[in-house]
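Open the model in your viewer with side chains switched on, and keep a selection tool at hand. The tour below goes from one selection to the next and says what to look for at each stop.

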Amino acid sequence: MRLAMAMVALVLAVGGGSRAADLNNAALTFSPGSCNEYLNARRLDKTTLFKGWLSGWVSAHDRLMPETYALVIDDEQMVGPMKFMEDWCVQNPLRDFVDGAGELIDELYPRRELKAP
């Protein structure tokens with residue numbers, strides 16, 4: 001039985017390619033909330049959930065994107081990315097926070113740090 005499971009896993013791994021999403025470039029993403037919820041949290045200075053989620057999102061992209069050591073450089077408190085998200089959410093209050101986070105990655109990627117200092 002264990003051999004059969006190992007064979008199935010091997011076939012799936014070899015046949016599946018190395019994609020981070022489905023064939024339509026879509027993936028289930030667990031969101032911290034909507035842009036409207038983020039803007040309300042920002043007004044109340046209660047953004048810990050969003051900041052933690054966003055730092056994990058950026059860190060995952062650091063780890064998984066080619067030739068990427070760091071997307072956020074010299075900004076340990078994520079001030080720049082959080083401000084980007086605020087501006088994006090003001091323009092898109094009915095969209096999900098995840099949508100803006102994707103736009104953030106697109107914005108940061110060209111200026112990323114390619115290797116460890």
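With which residue does Arg42 form a salt bridge, and how far apart are the closest N and O atoms? Select Arg42 together with Glu86 in this predicted model: the two form a salt bridge whose closest N and O atoms are 3.1 Å apart. The pair connects distant parts of the chain, since Arg42 belongs to helix α2 (residues 35-43) while Glu86 belongs to helix α4 (residues 79-91), 44 residues apart. Switch on a surface if you like: Arg42 counts as partly exposed because its relative accessibility is 27%, and Glu86 is likewise classed as partly exposed because its value is 22%.

Keep Glu86 selected and add Lys83, which also forms a salt bridge with Glu86, here with the closest N and O atoms 3.8 Å apart. Both Lys83 and Glu86 lie in helix α4, three residues apart, which is about one turn of the helix. Lys83 has a relative accessible area of 39%, so this residue is partly exposed.

Next, move to Glu107 and Arg111, which form a salt bridge with the closest N and O atoms 3.5 Å apart. Glu107 is partly exposed, because its relative accessible area is 39%, whereas Arg111 is exposed, because its relative accessible area is 51% and the cut-off for that class is over 50%. Returning to the earlier selection and adding Asp87, you can see that salt bridges with shared partners join Arg42, Lys83, Glu86 and Asp87 into one network. A search of the whole structure finds five salt bridges.

The next stop is a polar side chain. Select Thr68, which lies in the loop between α3 (48-64) and α4. Is Thr68 buried or exposed? Thr68 is buried, because its relative accessible area of 12% falls under the 20% cut-off. The side chain of Thr68 reaches the backbone oxygen of Pro66 at 2.9 Å, and a polar contact of 3.3 Å joins the side chain of Thr68 to that of Arg112. Expand the selection to the residues in contact with Thr68, leaving aside neighbours within four places in sequence, and you should find His61, Asp62, Tyr109, Arg112, Glu113 and Leu114. Two residues from that list, Arg112 and Tyr109, are worth viewing together: the charged end of Arg112 sits over the ring of Tyr109, 3.8 Å from the centre of that ring.

Finish with the aromatic side chains, for which the structure holds five aromatic pairs. Select Tyr38 and Phe97, whose ring centres are 5.0 Å apart and whose planes meet at 55°, so the pair is tilted. This pair, too, links distant parts of the chain, with Tyr38 in helix α2 and Phe97 in helix α5 (residues 97-108), 59 residues apart. Both Tyr38 and Phe97 are buried. Which residues form one aromatic cluster with Tyr38 and Phe97? Add Phe50, Trp53 and Trp57 to the selection, and the one cluster formed by these residues together with Tyr38 and Phe97 is on display.

Note on methods
Residues numbered from 1 in each chain as written. Predicted model: local features only at pLDDT ≥ 70, side-chain atom pairs only at ≥ 80, totals over all residues. Heavy atoms only, no water. Salt bridge = Lys/Arg side-chain N within 4 Å of Asp/Glu carboxyl O. Helix = DSSP H or I, 4+ residues; strand = E, 2+ residues; numbered from the N terminus. Buried < 20%, exposed > 50% of the residue type's maximum accessible area, 1.4 Å probe, protein only. Polar contact = N/O pair within 3.5 Å; in protein donor to acceptor, adjacent residues only side chain to side chain. Contact = heavy atoms within 4.5 Å. Phe/Tyr/Trp six-rings, centres within 6.5 Å; stacked < 30°, edge-to-face > 60°. Lys NZ or Arg CZ within 6 Å of the ring centre and 35° of its normal.
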